[in-house]
Amino acid sequence: MDASTAKFDYLLRQGDNALILSQQLSQLCGKGPALEEDMALTNVALDLLGQTRMWLTYAGELEGKGRDEDRMAFHRDAHAYRNVLLVEQPNGSYADTMMRQFFFDTWHYFLMQGLLKSSDQRIAEIAEKSLKEITYHLRRSGDLVVRLGDGTDVSHAKMQAAADELWMYTGEVFIYDEIDNAMVEQGIAPPVEGLRAAFLEHVSEIFAEATLTMPSPDAWMQRGGKQGRHSEHLGYILAEMQFLQRAYPGAEW
């Protein structure tokens, strides 16, 4: 695999992670447990969508085949998506939604911090722009994990169940393959050891405050999303997201 191909795939991974989670959160518009939360979920979805555009635009330019961010998003099948399995897990209850968000935000925050030092100036600039939003995302999701985990018996039980259910999807981001390793070798992406240590430390601190039991870091982890092997959930997500462009190719407002 040559350097440009590896970088293209790496850019797709970042864009697809943000895009699929944005789509998931957008489905909750008007369904938040409180007005403030409803607005917050929508704002996070919009932030992620903006980040998606930056990643996929760069990927399209690097590919050189004339595909912009819209074609990248709406004209790829599930097997061509490179998002991790975590972001395609169902919204479920509000506990599931927020635990999924917290796990993603924690990894996302430390990854963007690492990408600030990327040897690719364009990637470093995207990370710098994104980090301001992601810092808020992490503060918000962490605060809600604490409030719900250390809340009532019911909220605590639901948050613990969500943590136990979603934990097996958190390790995929730390399972580096030839693409990740190529990015590290080129100085484009940070090494995995520091990212994983920072992730585990932050999750441990928040869980302690939330009176939640953190699952074992050595637990078995799901994998495959980064290589295009997805759960059945992604097909349903894309069917809704891509319907208009699939039915009316090239349609514009």
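Contact here means heavy atoms within 4.5 Å. Helices (H or I, at least four residues) and strands (E, at least two) are DSSP runs, numbered from the N terminus. The model is predicted, so to speak plainly: local features need pLDDT of at least 70, side-chain atom pairs count only at pLDDT 80 or more, and totals for chains, interfaces and linings use all residues. Residues are numbered from 1 along each chain as its sequence is written, and side-chain values use heavy atoms, with hydrogens and water left out.

## A helix pair

Let us start with α2 and α4. On the α2 side, E37, L41, V44, L48, Q51 and W55 meet Y94, T97, Q101, F104, H108, M112 and L115 of α4. Sorted by class, this contact has 8 nonpolar, 4 polar and 1 charged residues. The classes work like this: Ala, Val, Leu, Ile, Met, Phe, Trp, Tyr, Cys and Pro count as nonpolar, Asp, Glu, Lys and Arg as charged, and the others, Gly among them, as polar.

Helix α4 spans residues 94–115, and α2 packs with α4 at an angle of about 40 degrees, with the axes 13 Å apart. The pair is therefore oblique (angles under 35 degrees count as roughly parallel, over 145 as roughly antiparallel, 65 to 115 as roughly perpendicular and the rest as oblique). Axes are lines fitted to C-alpha atoms, for helices over the stretch in contact, and angles run from 0 to 180 degrees between N-to-C directions. The crossing of α2 and α4 is left-handed, with the near helix turned anticlockwise from the far one by less than a right angle.

## Pockets and cavities

Now for the empty space. On a 1 Å grid over the protein atoms alone, a cavity is a set of points where a 1.4 Å probe fits but cannot get out, and a pocket is an open set with protein on both sides within 12 Å along at least five of seven lines; lining residues have an atom within 4 Å of a point. Grid points are joined across faces, edges and corners, and a volume is the space filled by probe spheres set on the points.

| Space | Volume | Citation |
|---|---|---|
| Largest pocket | about 770 Å³ | |
| Second largest pocket | about 180 Å³ | |
| Largest cavity | about 130 Å³ | |
| Second largest cavity | about 50 Å³ | |

The largest pocket has 27 lining residues, and D70, A73, F74, Q245 and W253 are the closest to its centre. Helix α2 gives the largest share of this lining, 7 residues, and the lining divides into 13 nonpolar, 9 polar and 5 charged residues.

The second largest pocket is lined by P33, A34, E36, E37, A40, Y136, R140, D143, L144 and R147. Here α5 gives the largest share, 5 residues. This lining has 5 nonpolar, no polar and 5 charged residues.

Of the 13 residues lining the largest cavity, Y10, Q14, W107, V173 and D180 are the closest to its centre. Helix α1 supplies the largest share, 4 residues, and the classes are 8 nonpolar, 2 polar and 3 charged.

Around the second largest cavity sit L86, F103, F104, W107, Y169, T170, V173 and F199. The largest share, 3 residues, comes from α4, and the lining has 7 nonpolar, 1 polar and no charged residues.
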